[in-house]
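This report walks through one protein chain, starting from a single residue and moving outward to the sheet, the core and the ligand site. Please keep the sequence and the structure in view while reading.

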Amino acid sequence: MVTWSAKPYTHAEAKMSMDLRKKLEERERIKKNFFDYKQSNKEKEIKRLPDIIGIGVKKCGTGSLLEFLLLNPAVRPPNQGKRETIVGETFFFNKKFDLGIGYYKNLFPYVNDREKIIEKTPSYFMYPPSELPERIYNILPEAKLLLMVCDPTPRVFSDYIHQTIRYQLHNDKSLAKYETFEEYIDHYLPKMKNLTKSWLTSSTMDSDQELEKMLSSFMITDRAALLLSTGLYFFHIQRWLRIYNASNLMIIDGEEFLRSPGPVLEKIQEFIGVPKLVLHEEFMKNPETNFFCYRPLSESQLNNNVETIFDDFRCPGENKGRTRNGAKPMPEAISLQLRNFYRPFNKAFFKKIGCDFGWQ
Ligand SMILES: Nc1ncnc2c1ncn2[C@@H]1O[C@H](COP(=O)(O)OS(=O)(=O)O)[C@@H](OP(=O)(O)O)[C@H]1O
């Protein structure tokens, strides 16, 4: 949790509309029911496999999404304490599948039938094998999947900065050859253009399973190429849409989530079937970082002392928000090159999912 001193509301701003008061009253009632039910059904709690899986995309806001969603007490993450599950990531369906379902189930807490278990492993989206979506579906046929995609151009830069920090921390050598982002792009963008040339010049621009597999294999063979290939969502989405549809896969625009997380979170709570306990009115920009944080509202708090509401802001961790608030801008010329590169793939992706997120 991060707190900071913000300008207090004026009385006019603090005066809640009747609608919001009703909403907060209703939320309190539902919350109380939820906790009473939990208390009186403790002995019926069981270990279950997840109900919700976040499948990606890396650096699109998946961590903030999970943190905000977990403010709803009906959503439960993997047990904390094990290093690999601290951020809700299990890597079960890609890296740990051989450990078996018993191992997987053991990562999760005891829950009652009104709670939903969530895990997110952003690399699922494009990790081999190509049958990874079938793996999830065969084991969890009822699960709902969340996929947050974002504009691939700022995503590459965010990932590059993330990887270079990782390189310093973990001695990951994949980007060590390139002194700067410009150098990396100069080397890899032509490679990526070459790889996708025949698809771009084909008359149909249809799915291409060979290319799909090759891009997915970069997860293992070429981590530097992966930085660029991750944003070719058109290819990665194909295998998921062979199995999932809008009833069990929600595709979220990470740019919209960044601009205004509250309404997006309300829609997600509806989609995953939990009561709406995190409300859109509770999100506010942190004036210090320019990213949205959660500020819990309660009627009594507002009635008694308006200023105390600033004591309880919850913001995503400090490793979130390194590039997208403009603190570390991407060089303009590169941004232009990347936008031109990704444009046709974005267009094909929007057509495939039937929704245009309008990334420029
Ligand atoms: N509310 C809020 N607060 C802080 N950060 C936010 C928020 N919403 C989205 N983001 C963006 O999330 C980016 C990190 O994405 P992920 O969490 O998916 O990264 S990771 O793959 O789990 O490492 C991160 O990217 P960087 O800015 O490059 O750090 C943020 O821009």
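In which helix is the place of P133? The structure shown here is a predicted model, and in it P133 belongs to helix α5, which covers residues 132-139. This proline counts as buried because 21 C-beta neighbours lie inside 10 Å, the cut-off for that label being 20 or more. Apart from neighbours within four places in sequence, P133 is in contact with R239, W240, I243 and Y244. For one of these partners, I243, the C-alpha atom is separated from that of P133 by 7.1 Å, although the two residues are 110 residues apart along the chain.

**The chain as a whole**

Contacts between residues distant in sequence are also counted for the whole chain: among contacts joining residues at least 6 apart in sequence, 77% link residues at least 24 apart. The chain has 360 residues, of which 34% count as buried, and its secondary structure consists of 14 helices and 9 strands.

**The parallel sheet**

Five of the strands form an open sheet in the order β3-β5-β2-β6-β7, with parallel pairing. Its edge strands are β3 (75-76) and β7, each of which pairs on one side only. Strands of a sheet pair through backbone hydrogen bonds, either parallel or antiparallel. The table follows the order of the sheet and lists the number of bridges for each pair.

| Strand pair | Sense | Bridges |
|---|---|---|
| β3 and β5 | parallel | 2 bridges |
| β5 (residues 116-120) and β2 | parallel | 3 bridges |
| β2 and β6 (residues 144-149) | parallel | 4 bridges |
| β6 and β7 (residues 249-253) | parallel | 5 bridges |

Individual bridge partners let the reader trace these pairings residue by residue. R76 stands opposite I117 in β5, and I52 stands opposite I118, also in β5. Towards β6, the bridge partner of I53 is L145, while G56 stands opposite L147. In β7, I252 is the bridge partner of M148.

Why is strand β2 described as largely enclosed by the rest of the structure? The reason is that 5 of the 5 residues of β2 (residues 52-56) are buried, so the strand is largely enclosed. Strand β6 is likewise mostly covered, with 6 of its 6 residues buried. In a regular strand the side chains alternate between the two faces of the sheet. In β6 both faces are covered, since K144, L146 and M148 on one side and L145, L147 and V149 on the other are all buried.

**The nonpolar core**

Residues of β6 appear again in the largest nonpolar core, which has 71 residues and in which those with the most contacts are L69, L145, L146, L147, M148, V149 and I252. Leaving out residues up to four places away in sequence, M148 touches V57, C60, G61, T62, L65, I252, G254 and F257. Among these, I252 is also the bridge partner of M148 in β7.

**The surroundings of the ligand**

Which residues come nearest to the ligand? Of the 22 residues around the ligand, those that come nearest are G61, G63, S158, F291 and R324. The elements that give two or more residues to this shell are α3 (62-69), α6 (152-170) and α11 (254-259). By residue class, the shell divides into 9 nonpolar, 8 polar and 5 charged residues. One of the nearest residues, G61, is also among the residues that M148 touches, which gives the reader a way to follow the model from the strand β6 to the shell around the ligand.

Notes. Residues numbered from 1 in each chain as written. Predicted model: local features only at pLDDT ≥ 70, side-chain atom pairs only at ≥ 80, totals over all residues. Buried ≥ 20, exposed ≤ 12 C-beta atoms within 10 Å, placed from the backbone. Contact = placed C-beta atoms within 7 Å. Near = placed C-beta within 6 Å. Nonpolar A, V, L, I, M, F, W, Y, C, P; charged D, E, K, R; others polar. Core = buried A, V, L, I, M, F, W, Y, C linked by C-beta atoms within 7 Å. Pairing = 2+ DSSP bridges.
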